[in-house]
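Biologist: I should like to go through this model with you, one element at a time. Please keep each answer to what the coordinates support.

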Amino acid sequence: MSVSVIVLAAGKGTRMKSDLPKVLHKVLGKSILAHALDTLSFINNQYVVVGHESDMVVNSLPNSTKHILQKDQLGTGHAVSTVVSCDLFIENKSQFTLVVPGDVPAIDAKEIELLISEVKTKSSSVGFLTSIVENPYGYGRVVRNNEEIKIIEEKDCNDDERKINEINSGIYCFNTDFLIENIDTLDTKNSQGEFYLTDLIGIANNQKQDIVIVQVDENSIKGINSMSQLNEVEDIMQKKLIENFMEQGVYFQDPTSTYIDSEVTISSGTKILANTHLTGKTNIDKDCVIGPNAQINESNIGK
């Protein structure tokens, strides 16, 4: 089974109110985009759609990752169309194509693998990740009506549809032939005047194609569009990172005052005391006591 992934990283991120492209803001010491690409590293054929400040984004990419320029940002459907119509993609066409937003650093590789597996096993045209949430505001709603499935963006929802609490993650797995055959049928008849990739779900439904939905935890698909959301996602990822260390035998006196970058390693038996910050590629060996009030960057601490 061959799989490619298209990562959407062309947006400006206006609500961030920053000159730095949204996907280059850091979470736990690593850019939002780098987190997504690392999680997707099990897929060798990676394409990143760039646009706003494209040179900065391209310079941050691994050498093995291909980039495609979206000159005009006309929506997610247009971004994907820009990739699937290029010679590079066609020459290296895979059986399945993942589409992932570049601003979801907490995505889980196991959930992505499950989505791919479900689409393959059921010979589906498309599958996507969803989540049940308390507050669906701002997200596209997953509308299920008997056998009909479609995604309606927030601004296009009526009052009843806004009450739906199953949201679209923006993470899809397409049968590549279906994607190529239908991507150019999208139109801009919506409140945004953009080409919505979500409309392909409705198209698959109208064609009586099989559609897979995999529900996942809300925290793994949280996108980042503002500094407050950046803080929220970083907090979620920090808690998960510290929990993983505790399961491996590391003691934290006060996890709420501790900050640890994603590339830090800590061996079992070590105690991390209150208000400790470990950043960069720092390695802490076994049976150490770090802190309180310690700040360690890019260092190796021996046993």
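Biologist: Over how many bridges do β7 and strand β11 pair, and in the parallel or the antiparallel sense?

Modeller: This is a predicted model. Within it, Gly127 stands opposite Val212 in β11. Strand β11 spans residues 211-215, and its pairing with β7 runs over 5 bridges in the parallel sense.

Biologist: In which sense do β7 and strand β10 pair?

Modeller: Strand β10 covers residues 166-175, and 6 bridges join it to β7. One bridge partner can be named: for Phe128 it is Tyr172 in β10. The sense of the β7 and β10 pairing is antiparallel.

Biologist: How many of the residues of strand β7 are buried?

Modeller: Strand β7 comprises residues 126-132 and is mostly covered. Taking buried as under 20% relative accessible area, the count is 6 of its 7 residues.

Biologist: Which strands are the edge strands of the open sheet that contains β13, β16 and β19?

Modeller: The 3 strands follow the order β13-β16-β19, with parallel pairing. Strand β16, residues 277-279, pairs with β19 over 3 bridges, and Gln295 in β19 is the bridge partner of His277. An edge strand pairs on one side only, and those that do so here are β13 (259-260) and β19 (295-297).

Biologist: How many residues does the largest nonpolar core have?

Modeller: Those with the most contacts inside the core include Leu33, Val48 and Ile171. Among the elements that each supply at least two residues are β1 (3-9), α1 (32-39), β4 (45-50) and α5 (109-121). Leu33 touches Val7, Val48 and Leu61, among others. The size of this largest core is 33 residues.

Biologist: Which element gives the largest share of the lining of the largest pocket?

Modeller: The largest pocket holds about 1,800 Å³ of space and is lined by 47 residues, with Lys22, Thr76, Asp103, Gly138 and Asn225 nearest its centre. By class, the lining divides into 17 nonpolar, 19 polar and 11 charged residues. Elements giving two or more residues include α3 (76-84) and α9 (227-247). The largest share, 4 residues, comes from β10.

Biologist: And which element gives the largest share of the lining of the second largest pocket?

Modeller: The second largest pocket has a volume of about 610 Å³, and 23 residues line it, among them Met237, Lys240 and Leu241. Its lining has 9 nonpolar, 7 polar and 7 charged residues. Two or more residues come from each of α1, α5 and α9. The largest share, 6 residues, belongs to α9.

Key
Residues are numbered from 1 along each chain as its sequence is written. This is a predicted model: local features need pLDDT of at least 70, side-chain atom pairs count only at pLDDT 80 or more; totals for chains, interfaces and linings use all residues. Side-chain values use heavy atoms; hydrogens and water are left out. Two strands pair if DSSP finds at least two bridges between them. Buried means under 20% relative accessible area, exposed over 50%, partly exposed in between (1.4 Å probe, protein chains only). A nonpolar core is a set of buried Ala, Val, Leu, Ile, Met, Phe, Trp, Tyr and Cys residues joined through side-chain atoms within 4.5 Å. Contact means heavy atoms within 4.5 Å. On a 1 Å grid over the protein atoms alone, a cavity is a set of points where a 1.4 Å probe fits but cannot get out, and a pocket is an open set with protein on both sides within 12 Å along at least five of seven lines; lining residues have an atom within 4 Å of a point. Grid points are joined across faces, edges and corners, and a volume is the space filled by probe spheres set on the points. Ala, Val, Leu, Ile, Met, Phe, Trp, Tyr, Cys and Pro count as nonpolar, Asp, Glu, Lys and Arg as charged, and the others, Gly among them, as polar. Lists of a residue's contacts leave out its neighbours within four places in sequence.
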